[in-house]
Protein chains: 2
Amino acid sequence: MEALKNRILSEGRVLPGDILKIDGFLNHQLDISLLCQIGQEFARRFSGRRIDKILTIEASGIAVACIAAQYFGNLPVVFAKKAKSGNLDTQGLLQSEIYSYTYQKPVMLTVSKDWLRPGERVLVIDDFLANGEALRGCIDLLGQAGAELAGVGIAVEKGFQGGGDRLRGMGIDVQSLAIVESLAGGAIRFREE
Amino acid sequence: MEALKNRILSEGRVLPGDILKIDGFLNHQLDISLLCQIGQEFARRFSGRRIDKILTIEASGIAVACIAAQYFGNLPVVFAKKAKSGNLDTQGLLQSEIYSYTYQKPVMLTVSKDWLRPGERVLVIDDFLANGEALRGCIDLLGQAGAELAGVGIAVEKGFQGGGDRLRGMGIDVQSLAIVESLAGGAIRFREE
């Protein structure tokens, strides 16, 4: 998606450790017009698919998913919460432990059983995809719920970290609107499509 | 706002400790159509005001603020992150410690100085208002930034916890779309308007 790629090129900053900082429009301050364009593009790419619900992950995934949901006929959005591992009172909850590279520790993705039901077809939407840990957790939650994965919509994928391609290799339809192939030397290079 | 109140009455559950659980449409699963109505109502109540930006607080505040921003001409939305108190590397950050009654511990609200600038007029939007700690933190962050508070838009206020009225007593324009006056005996009663 050209508008997103151009924005990444003009405002993204590459920090040591292959970090791409785009917190002026996607991760901390949110550009609502751009999010609308992103949502429209997801709707175009997943058109004709039966989708009952959108699942995302707090925090910035919520912004992308909620705006996008409007272009899917106002589908309900459920967000997985990030709880500390080992929390009490897991009754009624679906939980999946993932490793957070951002926080450098395990995080427990948590969704109430009330909001993911057997047979529901669920589109997972998130802002970022790197190693794919968060998505692995979401897919695990869907499996626990007996729900089905309808596809994955991602705004920015760090292609060189391999998570997206691993999921594609499992037959999952991962649609990323900008795939960053390399940040070597501080230069942002996108995958050819 | 009648649509919101009716939804609270039909789906809200009152739990011990004066907890109002409305996670089927506002706090965990999100009803996008209802969020659109909420956003339109905020735009109506704050029409004619100069507003440059919307500030909210992760996580479920992001949903309310982003959908609402569309009815304010796609204003940018910034969300305050909830960091553990005592985090390192506070350079470039605005921080305000609040007490979280949900987590029963202090939480550090954090916003990058890049995204709250001197002179900006900021509307704070959040899903819930109870004791007002989160808003106190937001107002503190705005003060540190040299920004101005244009008003506060809240979906659901727990009026009996006093936070909203304390802020109104300070001259702040707090617009809450549903003010719960009492949960006594498990019955949800709204404030007369």
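This is a short tour of the symmetry and some salt bridges in a predicted model.

Before you click: residues count from 1 along each chain as its sequence is written, and chains are lettered from A in the order in which they are written. Local features need pLDDT of at least 70, side-chain atom pairs count only at pLDDT 80 or more, and side-chain values use heavy atoms, leaving out hydrogens and water.

Start with both chains. Turning chain A by 180°, with 0.0 Å of shift along the axis, lays it on chain B at an RMSD of 0.0 Å (least squares on C-alpha atoms of residues with pLDDT of at least 70 in both). The copies are thus related as by a two-fold rotation axis. Select A:A59 next: in chain A, its C-alpha is the nearest to that axis, at 2.6 Å. Both copies use the same surface, as 100% of chain A's contact residues (heavy atoms within 4.5 Å) recur in chain B.

Now for charges. The whole structure holds 28 salt bridges over all chains (a Lys or Arg side-chain nitrogen within 4 Å of an Asp or Glu carboxyl oxygen).

Pick A:D31 and A:R7, paired at 2.7 Å, N to O. A:D31 sits in the loop between strand 3 and helix 2, A:R7 in helix 1, 24 residues apart (DSSP runs numbered from the N terminus: helices H or I, at least four residues; strands E, at least two). A:D31 is buried at 18% relative accessibility, while A:R7 is partly exposed at 21% (buried is under 20%, exposed over 50%, partly exposed in between; 1.4 Å probe, protein chains only).

Move along to helix 2 of chain A, where A:E41 and A:R44 lie 3 residues apart, about one turn. Their closest N and O atoms are 2.9 Å apart; A:E41 is buried at 14%, and A:R44 is exposed at 56%.

Finish on A:E157, A:D165, A:R168, A:E181 and A:R191, linked in a salt-bridge network.
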